[in-house]
Amino acid sequence: MTFLKNRVTSIAGKSNCRTTAPTGFCVAIEFNARRKTCGSWLASDNARSITTLFGTLLITLNALAAEPELRVQASLQPNEPAMVGSLIELQLDVLTDTWFTRAPTLPDLKLPGALVLPPDGHAEHINQTLDGQSFSGLRYSYLITPNVAQGFDVPALTVRATPGQASAELSARSLPLHFTATQPPGFDVGEPVLVAQGLRFTQKVVNSTAPLKVGDSITRELTLQADGALGMSLPTPSLGDVRGLSRYAKSPQVSNLDDGRGHFNGGQRIDTVTYRIDVEGHYSLPPIAVKWWDASTRQIRIAQVPAISFDAAANSAYKPVFSITEDLKTLGQGNRLHLSGFAFGLLALLSGLLVLGWFARPYAWRAYLGWKARRQARHKAWLASADYAWEQIPAQLDGRPPQLSALYLWTRRSRKGLKLTGLGPRLQAFLRACYGREPTKDQAVLQLKKSLTTLHSQAEHNKESVATALRPLNPVLEKDFP
């Protein structure tokens, strides 16, 4: 009973843990302390194992809650000074403290004045310890060949990757690097420089038939292999022309060599040229040499393939399908157009005028619209003038019956008012003949037509208005008569 009482008291009362309320871990410790007083070793071992289990679980949870790290390191290999035409390896290490869920995304690298071969997807697995922490990752290689003697600045490279247990994609940057390339001794500025650990230069000759005759061909294949050099950096061999042979070169085959496991070894270039025999005789294809720098012995070397000599016999049965030289001479002779200096200048002048007219179209259109508007305005003013009304008088007098509307319109536009009696005796006689007691209209019209010129002259000399001083009893509206 005493043991049970003490046990209940230890659980319900204050515990030795410095907390406001006992936790499960503290209860386990208290239970262990209480059981020690009774001397039970089995209960003590159970409490200790539970405590160890809880501690391990807390450490594991803390480790799982931490975000993984991503680190990027860059270095240049080899460490010795670089030379123009040599191969420099930029090693880019992508490290994490967990694992990669997929391949990292690498940046592009461009260096003016140098050839850069990016990684081809192959990577080396590496393990490193940084700041007392273990990292694993991948090592990628950028291969750089400087073409000019100058300094090169490699910028900071940003890599994006998604390590395991990362909540999002992470990115990290490397430190910028710098190197300087110098010209190898014995090479002039601008001369192609090939730097290699070893070089092999061979040739292969294939005849289309044996013995060679006019119309046959001979093919020369040159293979250049360089250890520790990019295929793109291998120089182009000098293939000269030979008199009597037509040369046809194929596109070169440039590639990089590896060891079968993705590790770069060197470069290869294959040049193929075919010579067609045009004339019988003895021929010799010249030897071809390649100048290169041996990086192992640090000296200049010359690799050379020997000359190729052969004879070509006549071939009476051979007839060229076409002759390029003759075709070029006769091409377009019948349709050739000769222009003198004067004709050429005239053609140039016409072309200039056409171009000027093309660009002056908007201005010409606006000028035409302005001229058309002015012409319409002048025509409208002419229709509203006294001269136009005067020209209509003879036609109206010849009408059946004769009309005087044009005469009235002319007097109005001439500022003579509407009273015709003040325009002369002949007009007054005409009015009396038309509207008197004994009308003689035909004879009056004839006399009026004969006196129109005199009437117009009298109206020009008499500028004074015939209108009376008093206003008329029934004023006439100011309008034109039909």
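**Figure 1. Helix α8 in its surroundings in the predicted model.** Helix α8 comprises residues 405–413. Seven of its nine residues are buried, so the helix is largely enclosed by the rest of the structure. The buried residues are Ser405, Ala406, Leu407, Leu409, Trp410, Thr411 and Arg413.

**Figure 2. Helix α7, residues 386–397.** The helix has 12 residues, and at 1.5 Å a residue these should span 16 Å. The C-alpha atoms at the two ends of α7 lie 17 Å apart, which agrees with that expectation. Ala386, Ala389, Trp390, Ile393, Gln396 and Leu397 are the buried residues of α7. They cover an arc of only 120 degrees around the axis, which puts them on the same side of the helix. As a general principle, an α-helix has 3.6 residues a turn, so residues three or four places apart point the same way. At the start of α7, a side-chain oxygen of serine 385 comes within 3.4 Å of the backbone nitrogen of tyrosine 388.

**Figure 3. The hairpin of strands β18 and β19.** Strand β18 spans residues 288–294 and strand β19 spans residues 299–305. The two strands pair in the antiparallel sense over seven bridges. Isoleucine 288 stands opposite valine 305 in β19, while the bridge partner of lysine 291 is isoleucine 302, also in β19. Four residues lie between the two strands of the hairpin. In this turn, arginine 298 has a positive phi of about 55 degrees.

**Figure 4. The open sheet that contains the hairpin strands.** Three strands form this sheet in the order β11-β18-β19, and their pairing is mixed. The edge strands are β11, residues 195–196, and β19, each of which pairs on one side only.

**Figure 5. The largest nonpolar core and the contacts of leucine 90.** This core has 33 residues. Those that touch the most other members are Leu70, Leu90, Leu109, Leu111, Tyr142, Ile144 and Phe179. When residues up to four places away in sequence are not counted, leucine 90 touches Ala74, Ser75, Leu76, Leu109, Tyr140, Ser141, Tyr142, Ile144, Val154, Leu157 and Leu177. Another core, of 27 residues, lies apart from the largest one; among its members are Val273, Ile277, Ile288 and Val290. In soluble globular proteins, nonpolar side chains tend to be buried together.

Note on methods
Residues are numbered from 1 along each chain as its sequence is written. This is a predicted model: local features need pLDDT of at least 70, side-chain atom pairs count only at pLDDT 80 or more; totals for chains, interfaces and linings use all residues. Side-chain values use heavy atoms; hydrogens and water are left out. Buried means under 20% relative accessible area, exposed over 50%, partly exposed in between (1.4 Å probe, protein chains only). Two strands pair if DSSP finds at least two bridges between them. The expected span of a helix is 1.5 Å times one less than its number of residues. The arc is that of the directions from the helix axis to the C-beta atoms. A polar contact is a pair of N or O atoms within 3.5 Å; within protein, one must be able to donate a hydrogen and the other to accept it, and residues adjacent in sequence count only if both atoms are side-chain atoms. A nonpolar core is a set of buried Ala, Val, Leu, Ile, Met, Phe, Trp, Tyr and Cys residues joined through side-chain atoms within 4.5 Å. Contact means heavy atoms within 4.5 Å.
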